[in-house]
Amino acid sequence: MTVKEYFLPQTLDEALELLAKHGSSLLVMAGGTLAMPLINDGISLPEKVMGLRQAGLNYINQTNGTVTVGATTTLNQLSDIEAISVLQEAANNAASLSVRNMGTVGGNIFAPSPSGDVAVALLALDAKLKLVDPNGERIVPLADFYIGFMMTDLQPDELLAEIQVPVPAGKTIYIKFGRKLANTPSVVAVAIHLVMHGDQVKDARIALNGAGPNPFRAKNAEAVLVGSSLNVATIDAAAKAAMEESDPFTDAVASESYRRKMVGVFVGRALNQLAEQED
Amino acid sequence: MKPKIVSFTLNGRHVDVIVNSFSTLQTLLREQLGFTATKAGCKQGGCGSCTVLVNGESMLSCLLPVEDVAGQEVTTLEGITPLEGLHPLQETFLEHLATQCGYCTPGMIVTSKALLDRNPNPSREEIIKALTGNVCRCTGYEPIIKAVQDAAQRINGKGA
């Protein structure tokens with residue numbers, strides 16, 4: 001254990017001050033379910049840690065079609081958001097009961113793939129992030145936030161304060177495929193939001209995890225769907241497009257080629273289920 | 001590392017402890033306070049053997065800095081055990097031989113307690129889902145699931 005100082009700010013302002021003072025020497029931690037295992041094992045050796053559990057970022061507000069979720073709201077608390085079933089589904093399928101009581105929605109966004117299965121639902125919902133620094137705040141779509149494996153657009157003096165999630169206007173689905181039924185990392189996770197106009201797809205958002213260095217939107221597959229009906233040929237073409245634009249990786253869970261195949265299988269399966277789902 | 005004084009409620013009693021900053025609740029419970037029902041397994045949040053209740057919700061004490069529970073209510077297996085006799089979960093774990101080596105048992109019982117407090121009549125599937133974070137390497141889980149089902153009936157029968 002190398003940690004010499006542990007800070008527990010009681011407000012967001014206090015957290016921002018500590019970050020400004022200690023800079024990159026400070027490890028920012030929320031629920032601790034990602035950072036603590038690495039620290040316990042001596043893989044991560046931070047000298048200073050800031051825990052956000054008491055910084056007042058644990059809240060859920062629902063107003064005018066948007067649900068605003070504080071960054072340290074726990075994954076189990078997300079299960080209370082009845083207005084967004086796809087988010088409940090994603091949260092309920094993450095890790096174990098005790099980890100969900102600790103792990104936070106904000107932390108999940110920074111989880112290295114194939115973790116981050118809640119983030120994939122947030123991507124399909126077109127969630128926006130409120131990033132705060134000592135001089136103010138900016139709102140960034142989650143889709144623009146990811147840059148690469150464990151890399152985001154978060155600036156050194158910024159903290160993620162809240163996530164703004166629009167209540168879905170269309171149909172949604174979430175499928176997580178792992179090697180066990182529960183408490184397991186994803187081979188792939190798929191979250192889709194579709195707005196239909198009659199038989200035609202008016203708007204599509206397909207988000208994938210386990211299929212690239214970070215959770216991402218399968219834009220080519222989305223383009224295949226928009227303007228078409230959800231028939232067998234379109235669904236096959238969209239699944240194929242999603243496979244082609246994936247950039248999966250090999251790890252202990254699955255190989256790159258298996259993950260790519262499963263992207264096709266599960267995008268296809270999710271779209272088929274959406275086609276059968278009532279509007 | 002600077003020592004700190006942290007106050008919280010442990011099994012219904014107020015405690016003030018002097019801890020090294022950032023030491024985990026698991027280390028405090030086992031090595032400083034002698035509450036060894038809380039086990040030290042993987043220290044990764046993956047095995048569930050260190051599960052405790054914080055304000056009634058199951059959490060992993062290996063991932064929890066002590067400072068984070070300041071002012072909170074922590075319950076360990078010792079706190080679930082009545083002064084005389086056993087908790088219904090402990091009785092049914094014994095009756096169903098749901099322990100073999102016993103290392104996972106405290107975590108299993110603490111997690112099951114959290115489940116039954118929220119959901120007094122869980123289905124078999126709900127029990128399995130709640131216990132997915134608790135790893136047992138000997139009983140094969142079936143006796144554990146039956147023990148939780150029986151404990152639920154026993155608690156409800158008493159109208160508790």
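How many aromatic pairs does a search of the whole structure find over all chains? The count comes to five. Before we look at one of them, keep in mind that this is a predicted model. The predictor gives the complex an ipTM of 0.96 and a pTM of 0.95. For chain B, the mean pLDDT is 96, and 98% of the residues in that chain reach 70 or more.

Now let's zoom in on one aromatic pair, made by A:Phe110 and A:Phe145. Their rings meet edge-to-face, with 80 degrees between the planes and 5.7 Å from centre to centre. These two partners come from distant parts of the chain, 35 residues apart. You'll find A:Phe110 in the loop between helix H6 (105-109) and helix H7 (117-124) of chain A, while A:Phe145 belongs to helix H8 (residues 142-145) of chain A.

Are the two rings' residues buried or exposed? A:Phe145 counts as buried because its relative accessible area is 0%, and buried means under 20%. A:Phe110 has a relative accessible area of 32%, so this residue is partly exposed.

The story doesn't stop with two rings, either: A:Tyr146 joins A:Phe110 and A:Phe145 in a cluster linked by ring pairs.

Rings can have charged company too, so to speak. In chain A, look for A:Phe266: the charged end of A:Arg269 sits over its ring, 4.7 Å from the ring's centre. Then hop over to chain B, where B:Lys39 lies over the face of B:Tyr103, at 5.9 Å from the ring centre.

Terms used:
Residues numbered from 1 in each chain as written. Chains lettered and ligands numbered in written order. Predicted model: local features only at pLDDT ≥ 70, side-chain atom pairs only at ≥ 80, totals over all residues. Heavy atoms only, no water. pLDDT = per-residue confidence, 0-100. Phe/Tyr/Trp six-rings, centres within 6.5 Å; stacked < 30°, edge-to-face > 60°. Helix = DSSP H or I, 4+ residues; strand = E, 2+ residues; numbered from the N terminus. Buried < 20%, exposed > 50% of the residue type's maximum accessible area, 1.4 Å probe, protein only. Lys NZ or Arg CZ within 6 Å of the ring centre and 35° of its normal.
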